[in-house]
Amino acid sequence: MTHDVLVIGAGPGGLSVASGLARAGACVQVIDEQPYAGGQIFRASEKSARAGNEIRGWLGEEYSGGLDLIRSAKRQERIDWQFATSVWDIRCEDDHIELGLVHGETASITQARHVVLASGAMERPAPFKGWTLPGVMGIGAAQTLFKDAGLVPENGVVLAGSGPLLYLFANQLLSAGVRPGAILDFAAKWVSAQHLVPLTRVAWHSRTALLKGLKWRSRIARAGIPHLFGVDELEAVGKDEVQGVHYRKGGQSHQFETSLLLVHDGVIPNTHMTVAAGCDHNWLAQQQYWQPGLNDKGQTSQQGLWVVGDCAGIMGAEAAEIQGRIVARNIAGKLGLAIGKAEATQAQKDLAELKKLAALRQFIDLQYPPAKTFATPADDTVICRCEAVTAGEIREIAQLGCQGPNQARAFTRAGMGPCMGRGCGLSVSRLMAEVSGNDIEQVGHYSTRTPLKPVTLSQLASLNDT
Ligand SMILES: Cc1cc2nc3c(=O)[nH]c(=O)nc-3n(C[C@H](O)[C@H](O)[C@H](O)COP(=O)(O)OP(=O)(O)OC[C@H]3O[C@@H](n4cnc5c(N)ncnc54)[C@H](O)[C@@H]3O)c2cc1C
């Protein structure tokens, strides 16, 4: 079966672009490595709806609301779903794009003239002393276990870092009857004077989102959970597993006992595929991440390769859905498909709404900047967990004149493990910038090569059978 468009990712961005294209008459394939649709925010939403368990209630209204988007996409007959399928290769040819897929033990190659990457975000790597101890993990990872497997931590879990996910997850835990021991917040308690102008710009049109954030914070306070703002350093302590956390606040060190420390420093676009495809990228200094350069239609510098959602720059689920509709209309135009009158009217509204969401995001980015301490880890902190390379080793080769992250990879093996540099790429670039005194933009990022995801030789050999 040939497809007009291949969409990678079945989160809000991918579901929206696929639905829009299918409605316009295109034949679409949606590929996702998860066994079901929903992406990060609506992960396992169909599964928990079918099971009818209490998990959905604990995760909140927003999570339950995603089911409508999933169900409406599933009703489209022109969408062919490929779940539990990972993209391990992407190649841009003159008139088409080729993808290497792996599903179970079988690898295959597929192609189309248009490919939409809706591969979302990942947690920003947050290295600090003790972060490799058992009992330390990302808040996003803990939330994934909650959504997917209904697993929640025990009372006394400590949440640390910054960003709205910290408050959302604390609320989800409270709903599930779990009492966090403390919240060690790197953000300031109140909006600083210099951020008041961006806040007033968004205060009215984004009042629902802002009130939601305040509600989350006030529920934490009402539950009596110690919520400490302005924390600026963190260390997980313990012999074979985490037993406590040291933190610094207001120049003073404190300690808290815990057997589980969950950390979060915001999310960054998952640019592995856009880098591998050879797309141009821009460095965003405020947000401290790379994002693919897109034209005003949502197309990358590679012909026929489009990006929507958090993979294009962190804007949240609502924006991902809107971007999906916009890109669907643009691709439909390229395919010569007519879009309905209702879709055309929606176009203006979408652009206006996206502008408002961008302004809100600007405020969130100012209020929750990436923590400095995770950008400058101590020398004995492991940076590349796959290959056990420390920050000190990266600094040492940078001082010896190593030219950039790709040479650092060759010298130290950082970035050569199974995660293919997802976990350490940003940290290595930051450290090299720190030593050289150059901007990260000049230092650059890892180049990414196939395989993007681990594939076995037997899976590769199965290509001969297809
Ligand atoms: C860990 C985590 C938890 C989050 N939790 C929340 C939350 O609770 N609430 C909230 O508002 N926002 C949350 N966010 C932010 C949130 O992800 C989004 O704003 C929203 O889901 C973005 O939608 P999207 O369609 O761009 O991407 P996503 O929803 O992330 O969907 C991307 C999809 O692409 C698939 N994919 C990626 N790479 C490949 C590949 N190589 N092959 C095949 N498939 C691939 C993934 O499996 C995923 O299903 C979270 C982000 C992260 C990283």
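Tutor: Before we start, helices here are DSSP runs (H or I) of at least four residues, strands are DSSP runs (E) of at least two, and both are numbered from the N terminus. Keep in mind that this is a predicted model.

Student: Okay, where is Gln34 found?

Tutor: Look at the elements on either side of it. One is strand S2 (28-31) and the other is helix H2 (45-51). Gln34 sits between S2 and H2, in the loop.

Student: Is Gln34 buried, exposed or partly exposed?

Tutor: Buried means under 20% relative accessible area and exposed means over 50%, with partly exposed in between. Gln34 comes out at 22% relative accessibility, so Gln34 is partly exposed.

Student: Leaving aside its neighbours within four places in sequence, which residues is Gln34 in contact with?

Tutor: Ala276 isn't on the list: it is 242 residues away along the chain, and the two C-alpha atoms are separated by 21 Å. With neighbours within four places set aside, the contacts of Gln34 are Arg43, Phe83, Ala84 and Asp148.

Student: On to the ligand. How many residues surround it, and which are the closest?

Tutor: The ligand has 33 residues around it. The closest of them are Gly13, Asp32, Gln40, Gln143 and Asp310.

Student: How far is a polar side-chain atom of Gln143 from an oxygen atom of the ligand?

Tutor: Let's take two others on the way. A backbone N or O atom of Gln40 is 3.0 Å from a ligand oxygen, and a polar side-chain atom of Asp310 is 2.8 Å from one. For a polar side-chain atom of Gln143, the distance to a ligand oxygen is 2.7 Å.

Student: How much of the ligand's area does the protein bury?

Tutor: Start with the ligand taken alone, which exposes 990 Å². Of that area, the protein buries 92%.

Student: Which elements give two or more residues to the shell around the ligand?

Tutor: Both strands and helices do. The strands are S4 (85-92) and S8 (121-123). The helices are H1 (12-24), H5 (139-149), H6 (164-175) and H10 (317-334).

Student: Is Gln143 buried or exposed?

Tutor: Gln143 lies in helix H5, and beyond its neighbours within four places in sequence it is in contact with Leu165, Leu168, Phe169 and Gln172. The cut-off for buried is under 20%. Gln143 has a relative accessible area of 8%, so Gln143 is buried.

Student: Which residue with positive phi follows H5?

Tutor: H5 itself holds several buried residues, including Ile139, Ala142 and Phe146. Just after the helix comes a residue whose phi is positive, near 70°. That residue is Gly150.

Student: Now the sheets. In the open sheet of five strands, which strands stand at the edges?

Tutor: The order is S3-S2-S1-S7-S20, with parallel pairing. An edge strand has a single partner strand, so one side is left without a neighbour in the sheet. Here that goes for S3 (79-82) and S20 (305-307).

Student: What is the bridge partner of Val116 in S20?

Tutor: Strand S7 (residues 114-117) pairs with S20 in the parallel sense over three bridges. Val116 has its partner in S20, and that partner is Trp306.

Student: Which helix packs on the sheet?

Tutor: The helix touches strand S1 (5-8), S7 and S20. Its direction makes about 160° with that of S20, and the helix is H10.

Student: Which residue in the turn between S5 and S6 has a positive phi?

Tutor: S5 (residues 97-103) and S6 (residues 106-112) pair in the antiparallel sense over seven bridges, with Glu98 opposite Gln111. They form a hairpin with two residues between the strands. The turn residue with a positive phi, about 60°, is Gly104.

Student: Last one. How far is the backbone oxygen of Leu260 from a polar side-chain atom of Thr258?

Tutor: Thr258 is in the loop between S15 and strand S16 (261-265), and it is buried at 7% relative accessible area. Setting aside neighbours within four places in sequence, its contacts include Gly156, Val242 and Val245. From a polar side-chain atom of Thr258 to the backbone oxygen of Leu260, the distance is 3.0 Å.

Terms used: Residues numbered from 1 in each chain as written. Predicted model: local features only at pLDDT ≥ 70, side-chain atom pairs only at ≥ 80, totals over all residues. Heavy atoms only, no water. Buried < 20%, exposed > 50% of the residue type's maximum accessible area, 1.4 Å probe, protein only. Polar contact = N/O pair within 3.5 Å; in protein donor to acceptor, adjacent residues only side chain to side chain. Contact = heavy atoms within 4.5 Å. Near = heavy atom within 4 Å. Areas by Shrake-Rupley, 256 points an atom, 1.4 Å probe, with all protein chains shown as cover. Pairing = 2+ DSSP bridges. Axes fitted to C-alpha atoms, helices over the stretch in contact; angles between N-to-C directions.
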